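Biologist: Thanks for sitting down with me. Could you take me through the reasoning behind some of the labels on this model?

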Amino acid sequence: MTGKILKISDDFWNIRGSFKVGPIDIGTQSALVRRHNDSFIFLDSYTLSDSASEDVDQQTKGRDNVEAILNVHPFHTIHVEYMHQRYPQAKLYGTARHKKLFPHLPWQTLCTNEKLLHEEFSDVFEFSVPRGVDFISENENVHFSSVLVYHRDTNALYVDDTLMYLRYPSLLRWCGLKDRTSFHLTLAKALEKKTGASEEFRGWAKEMITKWADAEVLCAAHMGTLVSATSGGPSIGERMTQALERVEGTLNAHERKFS
């Protein structure tokens, strides 16, 4: 496993990892965040290379300074055991699906999609859980929902799957293809099978976009990291608004089906 570490600020590092679907590496991620008390928190789990591990240990000044690991996507589970083995003293948080898959691990009582946990880490993060969609789908191929995490000091939005950022290679950009921010393609299957689900999702998305309109960095699990200062083009808030507009057809179709 590898782990390219992108320093976003003095308190936030985005760890870019590898995840292949067939021959295509769509990427995955984790993040290391310094709390105001100089302890550290991981968002998600990832198996680091030896060199990346040394870099992280140097930054944290020892593994004992990692206070907690917050696994925020129910279906991102491959590296959970590694992370606990490396940081056994860190409080381990996850979703109900994490606990079901790894009952032998010492999970904290609170799940990462619960408001009480969000309050516990409110000194450094803001959280948002999508509405109108299944958080843990019965369909194992539907990975739409996650807990979105916003690091206020950096204006960085960390999100797994729910939002995706695709940046084409230089040659394709030269041919006119622009980078793209979009909601995950499984939205149609993730929407709850009930009247009003589309409106609930639309309302949540608009609230999220308004609340985090000043985001300067979008750390998306699959494909890449968007840094407004170097990417050019619309702001992240504008990009998220455009992404919502592009799924109106999906939301309208769901409304007609469940009217």
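Modeller: Gladly, and keep in mind that this is a predicted model. Methionine 208 touches Ser128, Leu148, Leu163 and Met240, once residues up to four places away in sequence are left out.

Biologist: What makes those four count as touching Met208?

Modeller: A contact requires heavy atoms within 4.5 Å, and Ser128, Leu148, Leu163 and Met240 are the residues listed for methionine 208 on that basis.

Biologist: Which residues touch the most other members of the largest nonpolar core?

Modeller: That core has 29 residues, and the ones in question are Leu157, Phe183, Leu187, Phe201, Met208 and Leu244. Helix α7 (197–211) is one of the elements supplying at least two residues, and α7 gives the most, with five. Another core, of 22 residues, lies apart from it and includes Leu43 and Tyr158.

Biologist: How do you know that the buried residues of α1 line one face of the helix?

Modeller: The buried residues of α1 (residues 50–60) are Ala52, Ser53, Val56 and Thr60. Seen down the axis, they fall within an arc of 100 degrees, so they line one face. On the other side, Asp50, Glu54 and Gln58 are exposed, a label that requires over 50% relative accessible area. The buried residues of α1 pack against elements including β1 (4–9) and α2 (80–86).

Biologist: Why is Asp134 called charged in the lining of the largest cavity, which has one charged residue?

Modeller: Asp counts as charged, together with Glu, Lys and Arg. Asp134 is in the lining, which divides into five nonpolar, four polar and one charged, so Asp134 is that charged residue.

Key:
Residues are numbered from 1 along each chain as its sequence is written. This is a predicted model: local features need pLDDT of at least 70, side-chain atom pairs count only at pLDDT 80 or more; totals for chains, interfaces and linings use all residues. Side-chain values use heavy atoms; hydrogens and water are left out. On a 1 Å grid over the protein atoms alone, a cavity is a set of points where a 1.4 Å probe fits but cannot get out, and a pocket is an open set with protein on both sides within 12 Å along at least five of seven lines; lining residues have an atom within 4 Å of a point. A nonpolar core is a set of buried Ala, Val, Leu, Ile, Met, Phe, Trp, Tyr and Cys residues joined through side-chain atoms within 4.5 Å. Buried means under 20% relative accessible area, exposed over 50%, partly exposed in between (1.4 Å probe, protein chains only). Helices (H or I, at least four residues) and strands (E, at least two) are DSSP runs, numbered from the N terminus. The arc is that of the directions from the helix axis to the C-beta atoms.
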